[in-house]
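Work through these exercises with the sequence and the 3D view open. Try each task before reading its solution.

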Amino acid sequence: MKAPAPPTVQTALPTRSSTLLRLAAEGATGALLRDTGTLYLTHGMVSHAESASAPGVDVLLVAGGRLPRAVWDEAAGRAGPRRQVGGHLVAEGHLTPGELEICLLTALYDAALFALAPGGGPTRFRRGVGHGIGTVRPVPADAVEREARRRRRLLDSAWPGPAIDTAPLVRRRVPPGGGASVPPRQRALLDLADGRRTPADLSRLLGRPVFHVLLEVRRLAVAGLIDPPRPPPPGPDVPDVPPRDSPVARPGAADGFTSPDAALLRRVRDALEAL
């Protein structure tokens with residue numbers, strides 16, 4: 001009879017950056033959770049990362065054309081109680097160790113961009129929690145943090161502001177032949193820009209890292225081939241400014257009175273002074 005697994009402890013922590021480096025210095029093992037993603041640590045090293053905004057390893061392999069979906073599903077079902085799917089794929093000859101490592105690192109850095117993003121919500125740590133993909137080579141926490149900052153700088157230098165990362169892509173009408181020089185990687189994004197799909201959607205459809213998709217989307221915005229997201233309309237708590245000639249715009253109108261004519265008051269004053 002197996003002994004019951006020890007309970008995991010979830011701790012609320014202050015900031016993403018200092019917390020990650022402190023846990024790394026402690027040699028901690030567990031999951032660092034935020035609203036925008038999760039970083040998994042193994043003895044203080046980052047062994048995996050996940051985010052709803054980034055494609056997982058299965059999407060990169062299947063949608064990217066490296067593995068059939070049936071092969072992945074079979075590996076996920078037969079990987080054993082520890083669910084080391086990656087190791088099973090290598091053992092069965094579906095992937096080489098190098099292919100698996102590249103895919104794991106791609107998914108890790110892709111998701112870390114969001115898991116370490118500013119404004120990603122509170123930071124929590126669940127000790128002892130692991131993942132089921134498998135680890136080939138863990139990455140130092142400071143290297144993951146450095147790379148996330150570098151990628152964010154690259155994105156902001158191409159097109160400032162994160163709103164374009166989550167907005168549906170709207171293709172702009174251009175004159176015939178206006179987009180003839182678009183590279184194939186950007187052309188694939190334009191062909192799927194239907195006003196409903198976001199960059200994350202396109203990343204999953206094409207099996208491409210979302211960082212690469214975001215960079216190309218920002219370049220398309222600079223080239224004028226997609227419409228950048230418009231700022232949201234003012235909320236209901238922002239009052240409309242009435243026209244200058246509206247009675248509402250004049251002092252006293254709210255009380256049912258209109259403002260007196262200033263010229264008339266001056267004439268009355270002058271007449272009284274002349275008496």
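**Exercise 1. One helix and its neighbours**

Which helices do the buried residues of α3 pack against?

*Solution.* Start with the ground rules. This is a predicted model, in which local features need pLDDT of at least 70, side-chain atom pairs count only at pLDDT 80 or more, and totals for chains, interfaces and linings use all residues. Residues are numbered from 1 along each chain as its sequence is written, and side-chain values use heavy atoms, with hydrogens and water left out.

Step 1. Find the helix. Helices are DSSP runs of H or I with at least four residues, strands are runs of E with at least two, and both are numbered from the N terminus. Helix α3 covers residues 69-78.

Step 2. List its buried residues. Buried means under 20% relative accessible area, exposed over 50%, and partly exposed in between (1.4 Å probe, protein chains only). In α3, V71, W72, A75 and A76 are buried. They line one face of the helix, because they fall within an arc of 130° seen down the axis of α3. The arc is that of the directions from the helix axis to the C-beta atoms.

Step 3. Look at the other side. A70 and G77 are exposed, on the face turned away from the buried side of α3.

Step 4. Find the partners. Contact means heavy atoms within 4.5 Å. The buried residues of α3 pack against α2 (57-62) and α4 (85-91).

Step 5. Check one residue of α4. H88 lies in this helix. H88 counts as buried because its relative accessibility is 15%. Not counting residues up to four places away in sequence, H88 touches A75, R78 and A79.

**Exercise 2. Strand pairing**

Find the strands that pair with β4, and name residues that stand opposite each other.

*Solution.* Step 1. Apply the rule. Two strands pair if DSSP finds at least two bridges between them.

Step 2. Take β3 (residues 37-42) and β4 (residues 45-50). They pair in the antiparallel sense over five bridges. T38 stands opposite E50 in β4.

Step 3. Inspect the turn. The hairpin of β3 and β4 has two residues between the strands, and H43 there takes a positive phi near 50°.

Step 4. Take β6 (residues 139-140). β4 and β6 pair in the antiparallel sense over two bridges. M45 stands opposite P140 in β6.

**Exercise 3. Two crossing helices**

Describe how α5 and α10 meet.

*Solution.* Step 1. Choose the values. Two packed helices are described by the angle between their axes and the distance between the axes.

Step 2. Read them. The axes of α5 (residues 97-115) and α10 (residues 210-222) come within 8 Å and cross at roughly 65°. Axes are lines fitted to C-alpha atoms, for helices over the stretch in contact, and angles run from 0 to 180 degrees between N-to-C directions.

Step 3. Name the residues. D110, L113 and F114 in α5 meet V210, F211 and L214 in α10. The contact divides into five nonpolar residues, no polar and one charged. Here Ala, Val, Leu, Ile, Met, Phe, Trp, Tyr, Cys and Pro count as nonpolar, Asp, Glu, Lys and Arg as charged, and the others, Gly among them, as polar.

**Exercise 4. The nonpolar cores**

Which element gives the largest share of the largest nonpolar core, and how many residues is that?

*Solution.* Step 1. Define the set. A nonpolar core is a set of buried Ala, Val, Leu, Ile, Met, Phe, Trp, Tyr and Cys residues joined through side-chain atoms within 4.5 Å.

Step 2. Find the best-connected members. Of the 28 residues in the largest core, L20, L32, L39, V46, L108 and V144 touch the most other members.

Step 3. Compare the elements. Two or more residues come from each of α1 (16-26), β3, β4, α5, α6 (141-158) and α10. The largest share, seven residues, comes from α5.

Step 4. Follow one member. Leaving aside neighbours within four places in sequence, V144 is in contact with V46, L108, Y109, A112, L116 and V139.

**Exercise 5. A buried serine**

Is S203 buried or exposed?

*Solution.* Step 1. Place S203: helix α9 (residues 199-206).

Step 2. Decide. S203 counts as buried because its relative accessibility is 0%.

Step 3. List contacts. Not counting residues up to four places away in sequence, S203 touches P55, R208, P209, V210 and V213.
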